[in-house]
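The following exercises treat a protein structure in guided steps. Please view the sequence and the structure first, then work through each task before reading its solution.

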Amino acid sequence: MRNRWNRKCIICMLPGILGTLVFFVIPYIRMLYYSVIDNQYRRNFTGLSNYIKTIKNSYFILALKNSLLLILAGVTVLVIFSVVLSLFLYFGNINGRSAFILPMLLPTAAISVIWREIFKDAVTALPVYLLFWWKNTGICIILLTASFAAMDKEVFEAAAVDGVGSIRKHIYITIPMNIPVIIFTTLLSIVNSFRIFKESCLFYSSNYPPDCSYTLQYYMNNHFYKLDYQVLSSAAVLLSVFIILIIIFCFKLQKKYQF
Amino acid sequence: MACKKEKLYYKTSKLSFIFIKGIINVIAIIFILPVLLTVIKSAGHYRELLFDCFIFYPMFWNSLFYATVITIIQMAVIIPCAFGLSNGKFRGRKFIFFIYVILMMMPFQVTMLPNYIGLRELGILNTRTGIILPMVFSPFGLVVMHQYMKKINTSVIEAVRLETNSVITVIWKGVVPQVKTCIMAVFLFTFAECYNMLEQPMLFLKEDNLKTLPVFISQADKYEGGVLFPAAVIYMIPVFLLYLSLGKNLEGRTGAGNL
């Protein structure tokens, strides 16, 4: 009985799994293969030379530097901002979530028009950072407030009896109790910082932005246009390995702080 | 004395609370400001867009068409898939889920070459199907749905299973009513995501009449600035309406907080 049920469960999964295999997993393995050959037609095995070529490329280094800067500066600010904001929104019972959630759903293309108008003469990457914060605060707030809502409120009563003030209460109780979610929010924000390409591309409306905003995605997109699959696949493999390492690190960290 | 002190504490905290509420309202207004500005700026340009810019119509309908079709097919694929993954007991379940999480975290630039290879092998590059299929199997919805389904009441499923042998009936009667909120939330997210599509039509399509509105907006230099504002406003309306009708499902636990 149990066995037949399991078989039915597996059959339910088949369409989804099959699609994922055809469009994501199997081609990814082929991409791994592309990254170690010299050319699609000759198909000579070249080992790691594509990777070495990628790492030495000055544009790749520039792109990597900008992407890392976005992770360090952009994500840190975003996470701190949204933790503070959701503390106030949830515990202060303030309305106004919609204002923060809507930007996440509205199509970027529609917003980029006004962004181009406002930041016409910007020379730094600030507009892209602003767009990143504007777009991603919503998802952080949703995750954080959902986690606050699931908290056991008895701790607060105990703290109130001991005379703990409201700011200290949150610093010493709420934040430590929600560390796993904060870590997950950080992870998601890092991942979203790699997704900012669409915003950036629409803002500059070109494939060649100023140096300060040239991120890894531009590097890869431009190689796609040049049909330079070997360089593209080695860059993609490097990027995916980097992201997988971050994911594993975050999950390990999350396990450590789980209650 | 103690009573007086408590009252004082309450008073100051109330004052500071009003202050904080004011600040948060200001931030909320800043978040909404770009949308308002777009609407204000669009006034007076509608005639130019609607009567002179005919490429706008097919692109707008394409955006809507892709988003609607992808979201509906995706629901039909991921609900059984998430059900199988969270209810079946077989080996490799955790591994499959882990693969989905990693795929969810990958930026488009990593999956674009795999997608492209998959589409090329199937011979559906430069067609509507080629845009729809890879997005149908995008892993985000599945991961969220699976997290939510893990927590549902299994006794309802067992009860329905006593009455019927068909797995579809079990899903329809035992699972879907329980995960309605999650389905609505995922529907909203997936629609917004697909509606926002830029890179896929840019890279996988050649003909203009298959492309989407973001592509139109990204080629801003081709058109006069004024035309883009009303286009942006009209572009925002469907997502905005969808948010008004489904937005309440984003409250509470949407699921993905802890993986």
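## Exercise 1: A surface patch

A nonpolar patch on the surface is formed by I118(A), I29(B), L33(B), L36(B), L37(B) and I40(B), with about 540 Å² of accessible area together. The model is predicted, so local features need pLDDT of at least 70 and side-chain atom pairs count only at pLDDT 80 or more, while totals for chains, interfaces and linings use all residues. Residues are numbered from 1 along each chain as its sequence is written, chains are lettered from A and ligands numbered from 1 in the order in which they are written, and side-chain values use heavy atoms, with hydrogens and water left out.

**Task.** State which element gives the largest share of the nonpolar patch, and describe L33(B).

**Solution.**

Step 1. Patches are made of residues with over 30% relative accessible area and no salt bridge; like charges are joined within 9 Å, and nonpolar side chains (Val, Leu, Ile, Met, Phe, Trp, Tyr) within 5 Å. Accessible areas come from the Shrake-Rupley method with a 1.4 Å probe, and for residues only the protein chains shown count as cover.

Step 2. Helix α1 (residues 2-42) of chain B supplies the largest share, 5 residues. Helices (H or I, at least four residues) and strands (E, at least two) are DSSP runs, numbered from the N terminus.

Step 3. L33(B) is found in this helix α1 of chain B. L33(B) counts as partly exposed because its relative accessible area is 39%; buried means under 20%, exposed over 50%, and partly exposed in between (1.4 Å probe, protein chains only).

## Exercise 2: The two chains

**Task.** Describe chain A and chain B by their helices, strands and buried residues.

**Solution.**

Step 1. Chain A has 12 helices and 0 strands, and chain B has 13 helices and 0 strands.

Step 2. Of the 259 residues in chain A, 55% are buried; of the 259 residues in chain B, 54% are buried.

Step 3. In chain A, residues 24 or more positions apart account for 73% of the contacts with a separation of 6 or more; for chain B the share is 80%. Contact means heavy atoms within 4.5 Å.

Step 4. The C-alpha atoms of chain A fill a box of roughly 75 × 70 × 30 Å along the principal axes.

## Exercise 3: The interface

**Task.** How much area do chain A and chain B bury between them, and how many residues does the contact take from each chain?

**Solution.**

Step 1. The size of an interface is often given as the accessible area lost when the parts come together. Here chain A and chain B bury about 8100 Å² between them, 75% of it on carbon and sulfur atoms; this buried area is the accessible area (1.4 Å probe) that two parts lose on being put together, summed over both.

Step 2. The contact takes 94 residues from chain A and 91 residues from chain B.

Step 3. Two residues of chain A illustrate the contact. L105(A), in helix α4 (residues 97-105) of chain A, is buried because its relative accessible area is 2%. Among the residues that L105(A) touches are L188(B), F189(B) and Y243(B).

Step 4. N221(A), in helix α11 (residues 216-225) of chain A, is buried with a relative accessible area of 0%. N221(A) touches residues including F197(A), Q109(B) and M202(B).

## Exercise 4: Salt bridges

**Task.** Which salt bridges do E117(A) and E121(B) form?

**Solution.**

Step 1. Side chains of opposite charge can pair when their charged atoms come close. A salt bridge is a side-chain nitrogen of Lys or Arg within 4 Å of a carboxyl oxygen of Asp or Glu. The structure holds 4 salt bridges over all chains, and 2 salt bridges are found across the interface of chain A and chain B.

Step 2. E117(A) and K41(B) meet in a salt bridge at 3.3 Å, N to O. The pair crosses between chains, from helix α5 of chain A to helix α1 of chain B. E117(A) is partly exposed at 32%, and K41(B) is partly exposed at 35% relative accessibility.

Step 3. E121(B) forms a salt bridge with R30(A), the closest N and O atoms being 3.3 Å apart. E121(B) lies in helix α5 (residues 108-122) of chain B and R30(A) in helix α1 of chain A, so the pair joins two chains.

Step 4. E121(B) also forms a salt bridge with R120(B), with the closest N and O atoms 4.0 Å apart. R30(A), R120(B) and E121(B) are thus linked in a network of salt bridges.

Conventions. Lists of a residue's contacts leave out its neighbours within four places in sequence.
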